[in-house]
Amino acid sequence: MTDTVCIVGLGYVGLPLAVSFDDRGAYVVGYDVDESKVERLRAGEDTSECLGDDVVADSDVQFTADPTSVGDADYVVITVPTPVDDLQSPDLQYVEAAGETVGRHLSPGTTVVLESTVFPGATSQVLVPALEDGSGFTEGEEFHVAYSPERVAPGVTGRNVSEVVKLVGARDPAVGEDVKRLYERIVDAGVTRTPDVETAEAAKVIENVQRDLNIALVNELAVACDHMGLDTHDVLDAAGTKWNFHDEYRPGLVGGHCIPVDPLYLTYRSEREGFSPKLILQAREMNEYVPTHTANLTIRALNESGRVIGDSRLLILGLAYKPNVGDVRTSEVEGVINQLRSFGVDLAGYDPYVAPEDVAREFEVDGQAELSFDGFDGVVLATAHREFERLDLASLAESMADDPVLVDVNALFDEQRALDHGFVYERL
């Protein structure tokens, strides 16, 4: 590749993308407003915790906090966060700010690609005006815009940049083909053109809306089964013997940057057009209730073990939002902790991917540097990291107080084995 590609935003999406283009021979500039992050990247530190320090150190990506580097790029790819605000509405301030910054340094002929998740129409309504205001140029004349949503899954084997099919949407077919060719250089799984930008934007959010709905269904089943005295996993196993039953979804906490957020982006745009998607919103409500349900199961287990709730001490195992990553932002484990704290339970936390000081800062509980079960009345296994699969239940039970509690949110352990080792066992 002889192209210069500038990646704007070096988080868990932007950094792997920058390294991928670098691996395939492009001249890559990695720009971020966070100067401390840039310094760490220059020192060879993987700030995304997705690639490994050696991968970053071995790359030739030019990491910088200088926005003038945008002017040298043939392609600028924006990968900034798109959260929701306190009112659960899309917060596109980072997209707008990135657009204005890129616009101020944009060279004629450059193509700007947005990868951040947005509501349908946001590329045209938010990014393009910011680029035009910053540059004084007109989109479609001095510069071009396309949309290609990120689809990577950090921590999941087979779901990195090259292994997941890419979508590309553009208003100008020639621009769409050009951007498609750009991504085909790094995406081995293939690149698919959509009819327009809005289709690609909508496709991205509906992918996670579908997951949110399916997980909400089994989470609601878990609550219903609990009220009926049934084991949710036994019910799902039995139902899964039918050929057309979708057996891939299990109850659990739904955190992260995508699944809890993307449905709100879709409903925001739909409601602006006069239709409120009730099913999508109810699914979100159900999944947001799961931390409370988990805490209630924990309190029930403590009661069954004969303990005084306010005198109980529990260890939270796993605080990241999903297994095998160290990202605690938007982790629903926080909701479980807050609920248990409201009952007066004393808590500590351990996560093999999260530094103890980060545990203390994010969750306001003591963070363990080395895993120890001594002095605890029980464990809430909240995030099923692969390291926890090797835990020996017999040793756990011996280390803790009599009749210890095990709340196994993701059903990592066999219930009967846990009971045989003396645990008061609960799972969603």
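How do the axes of helix α4 and helix α5 cross, and within what distance do they come? Let's start there, and keep in mind that this is a predicted model. Helix α4 covers residues 93-105 and helix α5 covers residues 122-135; their axes come within 7 Å and cross at roughly 35°. The hand of that crossing, with α4 passing α5, is right-handed. If you want to click on the residues, α4 brings Val95, Glu96, Gly99, Glu100, Val102, Gly103 and Arg104 to the contact. From α5 you get Val126, Leu127, Ala130, Leu131, Gly134 and Ser135. Sorted by class, that contact holds 6 nonpolar, 4 polar and 3 charged residues.

Okay, now the sheet that α4 sits on. This one is open, has 8 strands and mixed pairing, and reads β3-β2-β1-β4-β5-β6-β7-β8 across. The edges are β3 (62-64) and β8 (191-193); each has a single partner strand, so one side of each has no neighbour in the sheet. On average, and ignoring direction, neighbouring strands here are turned by 25° against each other. As for α4, this helix packs on the sheet and touches β1 (4-8), β2 (27-31), β4 (75-78) and β5 (111-114). The direction of α4 makes about 160° with that of β4.

Over at the β8 edge, strand β7, residues 166-170, runs parallel to β8, and 3 bridges join the two. If you want one pair to look at there, Val168 stands opposite Arg193 in β8.

Next, the core. In soluble globular proteins, nonpolar side chains tend to be buried together. Here the largest nonpolar core has 34 residues, and Val76, Ile78, Val102 and Val112 are the ones that touch the most other members. Which element gives the largest share of this core? That would be α5, with 5 residues. Remember Val102 from earlier: that residue is part of the α4 side of the contact with α5.

Zoom in on Val76 for a second. Leaving out residues up to four places away in sequence, Val76 touches Cys6, Val8, Val70, Val102, Thr110, Thr111, Val112 and Val113.

While we're around here, is Ser116 buried or exposed? Ser116 is in the loop between β5 and α5. Its relative accessibility is 4%, and the cut-off for buried is under 20%, so Ser116 counts as buried. With the close sequence neighbours, up to four places away, left out, Ser116 touches Ile78, Thr79, Val80, Thr82, Val95 and Tyr147. Two of those names have come up already: Ile78 among the best-connected core residues, touching the most other members, and Val95 in the α4 contact with α5.

Moving along the chain, there's another helix pair to show you. Helix α7, residues 197-228, and helix α9, residues 262-272, have axes that come within 8 Å and cross at roughly 115°. That crossing is left-handed. On the α7 side the contact uses Lys204, Val205, Ile206, Asn208, Val209 and Asp212, and on the α9 side Asp262, Pro263, Tyr265 and Leu266. The class split there is 6 nonpolar, 1 polar and 3 charged.

Now for another open sheet, with 6 strands and parallel pairing, in the order β11-β10-β9-β12-β13-β14. At its edges are β11 (366-367) and β14 (424-427), each pairing on one side only. Helix α10, residues 278-304, packs on this sheet and touches β9, β12, β13 and β14, with its direction at about 165° to that of β14. Helix α11, residues 333-342, lies across β9, β10 (346-350) and β12, at about 175° to β9.

Let's stay with β12. On one side, strand β9 (residues 313-317) runs parallel to β12 and is joined to it by 4 bridges. Leu314 has Gly378 as its bridge partner, and Leu317 stands opposite Leu381. Strand β13, residues 405-408, also pairs with β12 in the parallel sense, over 4 bridges, with Val379 opposite Leu406. Both faces of β12 are covered: Gly378 and Val380 on one side, Val379 and Leu381 on the other, are all buried.

Last stop, Asp392, in the loop between β12 (378-381) and α13 (393-399). Asp392 has a relative accessible area of 40%, so this residue is partly exposed. And how far apart are Asp392 and Glu39? They are 353 residues apart in sequence, and 41 Å apart in space, C-alpha to C-alpha.

How values were computed: Residues are numbered from 1 along each chain as its sequence is written. This is a predicted model: local features need pLDDT of at least 70, side-chain atom pairs count only at pLDDT 80 or more; totals for chains, interfaces and linings use all residues. Side-chain values use heavy atoms; hydrogens and water are left out. Axes are lines fitted to C-alpha atoms, for helices over the stretch in contact, and angles run from 0 to 180 degrees between N-to-C directions. A crossing is left-handed if the near helix is turned anticlockwise from the far one by less than a right angle, and right-handed if clockwise. Contact means heavy atoms within 4.5 Å. Ala, Val, Leu, Ile, Met, Phe, Trp, Tyr, Cys and Pro count as nonpolar, Asp, Glu, Lys and Arg as charged, and the others, Gly among them, as polar. Two strands pair if DSSP finds at least two bridges between them. A nonpolar core is a set of buried Ala, Val, Leu, Ile, Met, Phe, Trp, Tyr and Cys residues joined through side-chain atoms within 4.5 Å. Buried means under 20% relative accessible area, exposed over 50%, partly exposed in between (1.4 Å probe, protein chains only).
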